[in-house]
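Student: I am new to this structure and should be grateful for a close look at one part of it, the aromatic rings that pair with one another. Please also set that part in its surroundings.

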Amino acid sequence: MSKKYDALVAREKKVLCQTYGRYPLAIEKAAGARMVDLDGKEYVDLLAGIAVANLGHCNAELAAVAAEEALKLVHVSNLFYQPNQVDLAEKLLSTCACDRAFFCNSGAEANEAAIKLARRFMRTVRYKDAGEIITVEGSFHGRTLATLTATGQGGRIKEGFDPLPEGFTHVPCGDIDAMRAAVGGQTAAVMLEMIQGEGGVLPLAEDYVRAVAELCHEQNCLFIVDEVQTGMCRTGKFWAHQHYGVEPDIITCSKALANGLPMGAMLAKEHVAHGFVPGSHATTFGGGGLVSAVAAKTVEIMLRDDMAGRARELGKLAMESFRALKAKHPERIVIVRGLGLMIGIELASGGNEVHAELRKRGFICNLAHGKVLRLLPPLVISADDLLAFAAALDDILSKSKA
Ligand SMILES: Cc1ncc(COP(=O)(O)O)c(C=O)c1O
């Protein structure tokens, strides 16, 4: 590593809370599906800031909107009506079957809003004392205390944070009988990711998702879909739940919503949204003028340029080449799974080594649970970049030992 890199790391170690296990890489700039490190080395980005820069890093159209808004209206607070916020809500709601939006600043906050709305809806609209939120094992819903508790993972992420909030139940993922046994009069909502992202790119089965949605309907509880990672065209449709033929009562979204500016949204059906009244919920920055304008432009470009179609086509191409790699290296690749440009390549062994070698060769992706190469590239990535990644992985697997 260079002196510049070492000096930066030494400074970081002194001043930042050490909450992140970082890759040994410092990024200075990024454009499209490329990133450049402190020493000028270029990388193909197959991570997009963890499913954020779906329209590519430093997208010129979005930069122009941000620059214009920076001199016009950045933030005035939700004490005022703001045109950009309403424009964004109209555009975003046109992509799904929800009717109302609440804007916030992150995925965890969007889920927090969903949990609060589900509980308050039960108490104030349905007059029912139902506060339980059911999620599945392996899920990830955020790091605030409530969303961390909702998260169906153990280990370090929950360690030391007791007491955790009450009213959350986890059931085994994919087991409809376990879900049936858990849902009852006390349940406010079931919350699911259609594809578990942090869990290692694990798509839920279609019949399971439909059965859960029906169960929620029968039992009069809400069906929340966490689209924080899967939303915004990533999986080949605007929303991942649209592959499953279900209509959530609440959708949560963040990551790619403003292509890199902090932004979250909770979308709800009309009758459900009545669970909130003025004063029930709020956030200072949510839906500010600048981020809302950038997010509205993001949605507009995604629809105009059919980014979902692009993710579908490129995803098909990538999937075919990774499945061919699995056929060639059956002892090294356990399974390739995903939808659109949300892809996991599960390795039998040597995950850390393969991941590090890919980085050395100029390809950035994530490694989930030490064994799943998780690919979430900008949707603007070229077919050539995807094929070059597949060729590099092929070469690494051919040359390295199992
Ligand atoms: C499915 C899902 N939900 C919620 C979150 C939390 O989002 P944030 O980190 O913006 O709070 C994440 C983040 O990775 C996520 O993948």
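Tutor: The answer below begins with the whole protein, turns to the aromatic rings, and ends with some individual residues.

This is a predicted model, in which local features need pLDDT of at least 70 and side-chain atom pairs count only at pLDDT 80 or more, while totals for chains, interfaces and linings use all residues. Residues are numbered from 1 along each chain as its sequence is written, and side-chain values use heavy atoms, with hydrogens and water left out.

The protein contains 13 helices and 17 strands; helices (H or I, at least four residues) and strands (E, at least two) are DSSP runs, numbered from the N terminus. The C-alpha trace spans about 65 × 55 × 45 Å along its principal axes. For 402 residues, a compact globule would have a radius of gyration near 21 Å, and the protein agrees with this at 21 Å. That radius is taken over C-alpha atoms, and the globule rule is 2.2 Å times the number of residues to the power 0.38.

Of the 402 residues, 55% are buried. Here buried means under 20% relative accessible area, exposed means over 50%, and partly exposed lies in between, with a 1.4 Å probe and protein chains only. Contact means heavy atoms within 4.5 Å. Among contacts between residues at least 6 apart in sequence, 71% join residues at least 24 apart.

Now to the rings themselves. A pair of aromatic rings is described by the distance of the centres and the angle of the planes. Rings of Phe, Tyr and Trp (its six-membered ring) pair if their centres lie within 6.5 Å; planes under 30 degrees apart count as stacked, over 60 as edge-to-face and the rest as tilted. A search of the whole structure finds four aromatic pairs. One of them joins F322 and F389, whose ring centres are 5.8 Å apart and whose planes stand at 80°, so this pair is edge-to-face. Because F322 belongs to helix α11 (residues 307–328) and F389 to helix α13 (residues 383–399), the pair ties together parts that are 67 residues apart in sequence. F322 is buried, with a relative accessible area of 1%, and F389 is buried as well, at 0%.

F389 also pairs with F363: their ring centres are 5.9 Å apart and their planes are at 75°, so this pair too is edge-to-face. F363 lies in strand β15 (residues 363–364) and F389 in helix α13, so the pair ties together parts that are 26 residues apart in sequence. F363 is buried, with a relative accessible area of 10%. Through these ring pairs, F322, F363 and F389 are linked into a cluster.

Elsewhere, the backbone deserves attention. Most residues other than glycine have a negative phi, and most peptide bonds are trans. S77 has a positive phi of about 95° although it is not a glycine. This residue, S77, is found in the loop between α3 (60–70) and α4 (83–93), and it is buried, with a relative accessible area of 15%. Leaving aside neighbours within four places in sequence, S77 is in contact with Q82 and T284. The C-alpha atoms of S77 and T283 are separated by 8.8 Å, with their positions 206 residues apart along the chain.

A48, which is not a glycine, likewise has a positive phi, of about 55°. A48 is placed in helix α2 (residues 48–51) and counts as buried at 0% relative accessibility. The peptide bond from D162 to P163 is cis, with omega near -5°; P163 has its place in the loop between α6 (145–150) and β6 (168–171).

A last residue is H271, in helix α9 (residues 270–273). At 38% relative accessibility, H271 counts as partly exposed. Its C-alpha atom is separated by 50 Å from that of L393, although the two residues are 122 apart along the chain.
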